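Q: Got a minute to walk through this model with me? I'd like to get a feel for the fold before I set anything up.

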Amino acid sequence: YIPRMFPLKQLNVCKLRECRIFAKHILNRSGTVIGAETSRMLARGLQNGSDAMRAEIGVLAEENGALFQSLSEERPNMRSLLRPIAVGTMPSAKVSSSHKTPLPDLKVLVGPPDLLAEAIPMCMSDEKHSLQWVQSTWAGVKPLLELPHREYMLSSLKGVFGQAMSEYVLGWILTIRRGMLIRAGTKSWQQGPSFETGGVAGLRVGIMGTGSIGADVARCLQAMQMTCIGMNSKGNAHPNFESCFSPDDKLKFAEGLDVLVSILPETPSTNDIIDKDMLSRIKPQTSIVINVGRGNAVVDSHLYESVLCGQVGHAVLDVFREEPLPESHPFWRDSRIIITSHTAAPTNLEEAAKVFWKNYDRFVDGLKPHHLVDFDLGY
């Protein structure tokens, strides 16, 4: 039992590792059941010594240790389970000295995919490795799809980028449609709508990708009286979209669009999907193409030519096949092509920590974490 005055918030679950007691119900001295979250936490620590609670969590350390800090602040009582792991040549005074050594004892990893791609082979260097689950702090997981190791569950980060992506997409549509950049650069009184192509009400917007981010973007744009249609792998209907199309019907999807937005992940099926045929179907001269998904979706030369000839009015590009985008790339040469250097939706580590711990709770309860990636599909 837990005495009434016991400071539960200070309880270190790791101190219970050696217990061999099955705690079906945990009561305080008065006989009333304590909070459900605390009860589950304690039960995990007590039940059969809790192998899950023994498992350290490998945190892929960034130079400033921000992810480790966010995870610690979200669950202070679990801090002792967090193990900073350094990979590559990254300098950090806060990381483990196990740098570049095998890590077969770790069951859980969390971090950005580029660093996870270095750590996972370290975890699987032994045939008796323990790695079971990996949580990405990015929405995309391409670096992990290129590894031969797939004997673990992989969760992508979802539910945290929708707000930022919506702000980005809406912001640029408004900026371009209302001529804000041109007006901001004027040095004399310029009255009248000469720089504007119109407002946003009534625009037809095609969103490629109807997952959680795409649905949030559509909801935001609809609040501004825009009409949103969607594209997904099977053309399945979605309540946030007026209609949905499959990639096989991409030309029908693109017909007459005022704005084309790509939020597609990088997979073989999304390579070069935005080509000259698709761009020829959107509304000429005033149309806007926005790419916040992955650079592989766009045929760069086709988009550039479409802007030069006036078929596409503006392109707002956040992601590219090669990053940083080389200074010699023709996209830099035209003011109608706006480059934002992969800044549309930076990871909010506080929100990422919340997603991780919720998934961790499921993991230690023997449930599958949310947002698992299909390695064959790539998302």
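A: Sure, one term to begin with: a residue is called buried when its relative accessible area is under 20%. With that in hand, strand E7 (227–231) is mostly covered, as four of its five residues are buried. Keep in mind that this is a predicted model.

Q: Ok, and how much of the whole chain counts as buried?
A: Of the 379 residues, 50% count as buried.

Q: How many helices and strands are there?
A: The chain has twelve helices and twelve strands.

Q: And what share of the contacts comes from residues 24 or more positions apart?
A: Taking contacts with a separation of 6 or more, 65% of them are between residues 24 or more positions apart.

Q: Back to E7 for a sec. Which way does E7 run relative to E6?
A: E6 and E7 run parallel, and five bridges join them. One bridge pair there is Met208 with Met231, the latter being in E7.

Q: Which elements do the buried residues of H8 pack against?
A: They pack against helix H6 (162–177), strand E6 (204–208) and strand E7 (227–231). Helix H8 itself covers residues 212–222, and its buried residues are Ile213, Gly214, Ala215, Val217, Ala218 and Leu221.

Q: What's the geometry between H6 and H8?
A: Their axes are 8 Å apart and the packing angle is about 45 degrees. An angle between 35 and 65 degrees is neither roughly parallel nor roughly perpendicular, so H6 and H8 are oblique to each other. The crossing of H6 and H8 is right-handed.

Q: Which residues of H6 and H8 meet there?
A: From H6 you have Gly162, Met165, Ser166, Val169, Leu170 and Ile173, and they meet Ile213, Asp216, Val217, Cys220 and Leu221 of H8. By class, the contact of H6 with H8 has eight nonpolar residues, two polar and one charged.

Q: Switching topic: what's the strand order in the five-stranded open sheet?
A: The order is E2-E1-E3-E4-E5, with parallel pairing. Strand E2 (82–85) and strand E5 (153–155) are the edges, each with a single partner strand, so one side of each has no neighbour in the sheet. Neighbouring strands of this sheet are turned by 20 degrees against each other on average, ignoring direction.

Q: How many bridges are there between E4 and E5?
A: Three bridges, in the parallel sense, with E4 spanning residues 133–136. Val134 has Leu154 in E5 as its bridge partner.

Q: Which helices lie across those strands?
A: Helix H3 (residues 66–74) lies across E1 (57–60), E2 and E3 (108–111), and it runs at about 175 degrees to E2. Helix H4 (residues 113–123) lies across E1, E3 and E4, running at about 160 degrees to E3.

Q: H3 also touches H12, right where I was looking. At what angle do H3 and H12 pack?
A: About 60 degrees, with the axes 9 Å apart. That makes H3 oblique to H12. H3 passes H12 in a right-handed crossing.

Q: And which residues make the contact between H3 and H12?
A: On H3 they are Ala66, Leu67, Ser70, Leu71 and Glu74, and on H12 they are Leu349, Glu350, Ala353, Lys354, Phe356 and Trp357. Those residues of the H3 and H12 contact divide into seven nonpolar, one polar and three charged.

Q: Last thing, backbone oddities. Where is the cis peptide bond?
A: It joins Glu323 and Pro324, with omega at about -5 degrees. Pro324 is in the loop between strand E11 (314–317) and strand E12 (337–339). For context, most peptide bonds are trans, and most residues other than glycine have a negative phi.

Q: Which residues have a positive phi, then?
A: Among them are His342, with phi near 55 degrees, and His371, with phi near 60 degrees. His342 lies in the loop between E12 and helix H12 (349–364), while His371 is in the segment after H12.

Q: How exposed are His342 and His371?
A: His342 is partly exposed, with a relative accessible area of 40%. His371 is partly exposed too, with a value of 35%.

How values were computed:
Residues are numbered from 1 along each chain as its sequence is written. This is a predicted model: local features need pLDDT of at least 70, side-chain atom pairs count only at pLDDT 80 or more; totals for chains, interfaces and linings use all residues. Side-chain values use heavy atoms; hydrogens and water are left out. Two strands pair if DSSP finds at least two bridges between them. Helices (H or I, at least four residues) and strands (E, at least two) are DSSP runs, numbered from the N terminus. Axes are lines fitted to C-alpha atoms, for helices over the stretch in contact, and angles run from 0 to 180 degrees between N-to-C directions. Contact means heavy atoms within 4.5 Å. Buried means under 20% relative accessible area, exposed over 50%, partly exposed in between (1.4 Å probe, protein chains only). Angles under 35 degrees count as roughly parallel, over 145 as roughly antiparallel, 65 to 115 as roughly perpendicular and the rest as oblique. A crossing is left-handed if the near helix is turned anticlockwise from the far one by less than a right angle, and right-handed if clockwise. Ala, Val, Leu, Ile, Met, Phe, Trp, Tyr, Cys and Pro count as nonpolar, Asp, Glu, Lys and Arg as charged, and the others, Gly among them, as polar.
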